[in-house]
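Open the model in your viewer and keep the selection tool at hand. The stops below are given in the order in which to select them.

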Amino acid sequence: MLRCPPLFRFAWQRSLARRLAVLAVCVLTATAGSAFAARLLVQFDVPAGPLSDSLIQLARQAQLSLLVPKSAVAGLRAAPLSGVMTPAQALQRLLAGTGLGYRFIDAETVSISAQLAPSAALPDSGGKAAAGDRQERYRIAAIEEVIVTAQRTSQNLQRVPVAVSVISQPELQRSDIQDLSELGSRIPGLTVSSYSLGQPTIHMRGIGSNDDGAAMDNSVVVFVDDVYVGRITHIDLNMLDLEQVEVLRGPQGTLYGKNAIGGAIKLVSKAPQAEPYGKLKLSSGNLQHRGISATLNGPLAGDGLLGRLALDARSRDGWQENLTVGGERQHDNKRWALRGKVLYRPNRNLQLHWSADGSRENLNASGRIPVGGRVPLRLLDADGRRIPLRDAAGEPLFEQTPQGPQPLYQTQLPSEIFRALGGSPRRATNDGEGFTDRYLWGLSQQLTTNLGGGTFTAISGYRASRFHWAEESTGLPAFVSDQILGNAVLETHRQFSQELRWASTAQVRRSLVLGAYYLNEYTHRNEIFPFQHATARSDQRNSTHSYALFGELHYALTPALELNLGGRYTYDRKSLRQSASNGGAPAVILEDFQLKSRGDWDDFSPRLALSYHAADDLMFYGSLAFGMKSGGFQGAPGTLEIARRTIEPESAWDYELGMKSQWLRDRLRLNIAAFYTDYRDLQVVQFRTTDNFGVFETDNAASATLRGIESEFILSPFEGLTLSGSYAFLRATYDNYNDPEGREFTGNHLRQAPKHSAGLALRYRLPGFDGSLQLNLDYRFQSQGFREPDNSATVQPAFRLVDGSLSYAPRGRPWKLSLWGKNIFDEQYISHLFVLGGNDYALYGTPRTYGLSFAWHFF
């Protein structure tokens with residue numbers, strides 16, 4: 001990273017010519033960058049606590065890697081550290097009186113041990129460690145520690161009795177993860193499948209939701225800087241300028257509230273720093289891919305007011321050719337995102353974070369592909385008329401029905417029609433010009449101050465979205481059949497939330513978190529179902545008010561045995577106004593009606609966890625947790641009778657045993673969790689087939705049982721090489737479920753709950769070409785899964801994906817060049833599968849993409 005000394009930073013504030021001169025001088029002197037590493041100003045805020053945790057916080061805030069033996073810091077504690085200072089000054093304060101010293105091995109790596117003199121504060125001019133330091137780097141911990149806020153306080157990942165996975169900023173950048181769909185297969189037990197950009201189905205350990213009605217909720221929740229994101233059309237966010245992503249698996253009702261019955265996904269954005277910093281990244285690739293991203297960071301008015309701004313814009317042509325609409329390229333990608341943050345610190349006891357983010361996606365059609373045929377469609381002739389079915393003598397055939405004789409017509413399965421038209425996964429035949437146009441934006445304020453022997457935090461958040469989408473659902477042109485159905489949605493959403501939270505200052509034996517929460521949501525969803533000669537409509541306007549009180553106590557029963565005990569009380573109220581219009585349509589909406597519905601529910605979600613620290617790097621834990629998903633009213637009901645049904649809340653009791661450990665002198669981290677979940681009153685949505693079309697129906701299934709085991713590991717056998725991976729086994733089945741038509745699904749697998757999923761990653765860095773090369777490889781596997789309670793059909797096949805990149809960074813220069821590829825082996829796989837009129841339709845995943853990226857650090 002290119003850094004400039006203070007004199008140059010002063011010159012930077014002058015004319016453009018001087019700025020260019022400063023850049024030239026900085027580039028020429030970049031090889032001396034490590035000499036300034038110890039002198040950069042950073043805003044530190046490290047609470048009192050164990051020295052190991054304090055050093056982790058310092059490394060995270062200064063963006064440094066610390067190499068320190070655990071034995072050297074065992075049993076030591078550190079005083080709080082706050083203010084603007086250099087990393088060298090911060091290290092001197094934290095290590096004062098501990099008998100430990102430090103040494104900068106290079107610009108971003110610091111070694112700490114008892115053998116280093118406390119005065120050895122600056123790196124050597126060559127940026128190389130002495131022989132003893134090199135040996136120590138092999139001897140000491142090779143795996144960086146991770147800080148998470150899973151329990152609403154900052155803690156070491158390995159000491160948290162929760163199944164939580166973390167993807168750090170370097171991993172997000174190396175894998176170019178942009179949204180939730182790319183996150184799904186990298187986390188054990190998590191699957192993400194999208195009917196459209198604004199209608200993702202997110203499942204964790206088999207728990208998820210499919211009803212996108214205005215009064216229905218998700219079963220896995222997303223938080224952006226601790227602000228709850230409730231609406232399904234809003235939940236798939238751009239992952240721009242994040243510090244890390246934390247994924248908490250299993251019910252999290254106590255600290256994360258309603259709808260966290262499957263788990264919670266936390267997006268933690270990067271905070272502003274005191275040192276001026278800038279980064280520009282350009283990328284180009286096949287399918288006319290173009291991308292630009294930039295980040296600016298630094299003081300706005302002294303060290304008390306800091307700012308950070310990040311933006312990302314990218315576009316790519318579609319990879320699917322439309323045979324019907326003049327060769328149009330579908331499945332394109334055009335989007336931009338912006339995130340800004342301001343940190344105000346008038347004194348050491350008060351800080352205010354203001355955040356704003358926004359994004360827009362403007363995409364064309366994503367052609368649906370008929371893949372499984374069971375119910376044939378009527379065929380049309382060249383004049384658009386039905387083709388009668390005739391006997392050997394040429395006379396029309398009829399069928400006897402209660403309404404009298406009805407003519408029979410020629411039919412064919414949609415998958416056969418599709419193939420006859422020349423269709424394939426990369427050659428679609430839909431004739432509707434589909435599109436997605438979505439705006440998202442949000443504002444938040446987080447106030448933190450010391451109060452009553454603890455830290456008081458107030459988080460205010462406002463978010464809004466507009467989602468406009470249209471698609472032809474059957475993937476076939478209207479001239480081949482009169483049983484073609486489209487779908488269009490125009491939805492607006494807004495929400496305001498307020499959370500008040502107090503966390504006691506960390507003590508040796510106990511800590512406490514108390515809080516209160518309020519949420520108000522308003523959703524207006526207008527949905528249209530165009531048939532060939534008619535259009536059905538559903539309009540829903542829902543208002544939600546939610547209130548909660550929560551708390552959790554952490555208490556050390558003995559030096560090795562710790563207790564976590566918490567609970568949350570929630571009260572929910574929903575008011576829905578809806579109308580429906582049949583418009584002469586043969587299905588989906590069967591009658592006209594208007595209805596006002598109200599519902600309220602309350603819940604108490606407890607959590608109990610015991611953790612036993614058998615050693616400093618080995619912890620066993622057991623937990624009992626409860627989660628609840630709010631009740632509501634079905635989306636797009638076909639009749640007044642269905643609309644009047646109240647969908648009751650679903651609930652889950654989760655029993656979990658886990659181990660968190662580090663081995664081989666901290667070169668291997670291995671975490672394992674086994675769980676058993678008793679899942680009650682599942683909210684299951686189905687499309688009940690009626691005459692080649694159907695009606696949506698959501699009801700509460702009786703019960704299900706989820707059993708599984710999840711594991712994650714990181715291994716660093718020697719410097720430069722890191723291997724990591726995960727594996728999840730899941731068996732999620734209905735214990736007792738008969739749908740409204742009386743069909744028996746007991747013993748069947750839940751939808752979107754693959755039995756096996758796994759991932760492997762390799763990171764290898766080695767010196768070369770007067771710099772360093774880094775190779776990154778990612779492998780992901782997901783076994784087959786089911787998309788409907790009826791497991792005899794709508795089966796999503798297994799898939800395997802491989803991504804990779806090769807990067808080069810010259811020594812002492814502020815730039816990096818990367819060659820990257822996604823889906824390197826061009827796997828043809830189904831990313832989403834749905835049933836309509838008794839037939840299966842698929843969305844296929846993006847084929848192989850590749851390109852070059854150039855990143856430049858300035859200031």
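Select Leu55 first, in this predicted model. Leaving out residues up to four places away in sequence, Leu55 touches Leu66, Val73, Leu91, Leu94, Leu95 and Ile112. Now widen the selection to the largest nonpolar core, which has 25 residues. Leu55 is among the residues with the most contacts inside this core, together with Phe44, Leu81, Leu91, Tyr102, Val110 and Ile112. To see where the core comes from, colour strand S1 (42–46), helix H4 (51–62), strand S5 (81–85), H6, strand S6 (101–106) and strand S7 (109–113): each supplies at least two of its residues. A second, separate core has 24 residues, including Ala534, Ala587, Tyr841 and Leu843.

Go next to helix H6, residues 87–95. Which residues of H6 are buried? They are Pro87, Ala88, Ala90, Leu91, Leu94 and Leu95. Look down the axis: these residues lie on the same side of H6, because they cover an arc of only 160 degrees around it. In an α-helix there are 3.6 residues a turn, so residues three or four places apart point the same way. Just after H6, select Gly97, where phi is positive, at about 80 degrees.

Move to the open sheet of three strands, ordered S11-S12-S13 with antiparallel pairing. Strand S11 (190–194) and strand S13 (207–208) are the edge strands, each pairing on one side only. Between S12 (residues 200–204) and S13 there are two antiparallel bridges. In one example to display, Met204 has Ile207 of S13 as its bridge partner.

Stay in S12 and select His203. Is His203 buried or exposed? His203 has a relative accessible area of 2%, so it counts as buried. Show its surroundings, leaving aside neighbours within four places in sequence: His203 is in contact with Gly189, Leu190, Thr191, Gly208, Ser209, Asn210, Val220, Arg751 and Gln752. With Asn210 there is also a polar contact of 3.5 Å between the side chains. For a distance check, pick the C-alpha atoms of His203 and Leu352: the separation is 35 Å, and the two residues are 149 apart along the chain.

Leu352 can serve as a lead to the next strands. Select strand S23 (residues 333–347) together with strand S20 (residues 305–316); they pair in the antiparallel sense over twelve bridges. Leu305 has Tyr344 in S23 as its bridge partner. Then add strand S24 (residues 350–364), which runs antiparallel to S23 and is joined to it by eleven bridges. Here Leu338 stands opposite Gly358 of S24. The connection from S23 to S24 is a hairpin through two residues.

The tour ends with two loop residues. Select Asn259, in the loop between helix H10 (253–256) and strand S17 (263–269). Its phi is near 75 degrees, which is positive although Asn259 is not glycine. The relative accessibility of Asn259 is 0%, so this residue counts as buried. Then select Val588, in the loop between strand S36 (561–581) and strand S37 (593–615). Phi of Val588 is near 70 degrees, again a positive value in a residue other than glycine. Val588 is buried too, with a relative accessible area of 0%.

Key. Residues are numbered from 1 along each chain as its sequence is written. Side-chain values use heavy atoms; hydrogens and water are left out. Two strands pair if DSSP finds at least two bridges between them. Helices (H or I, at least four residues) and strands (E, at least two) are DSSP runs, numbered from the N terminus. Buried means under 20% relative accessible area, exposed over 50%, partly exposed in between (1.4 Å probe, protein chains only). The arc is that of the directions from the helix axis to the C-beta atoms. Contact means heavy atoms within 4.5 Å. A polar contact is a pair of N or O atoms within 3.5 Å; within protein, one must be able to donate a hydrogen and the other to accept it, and residues adjacent in sequence count only if both atoms are side-chain atoms. A nonpolar core is a set of buried Ala, Val, Leu, Ile, Met, Phe, Trp, Tyr and Cys residues joined through side-chain atoms within 4.5 Å.
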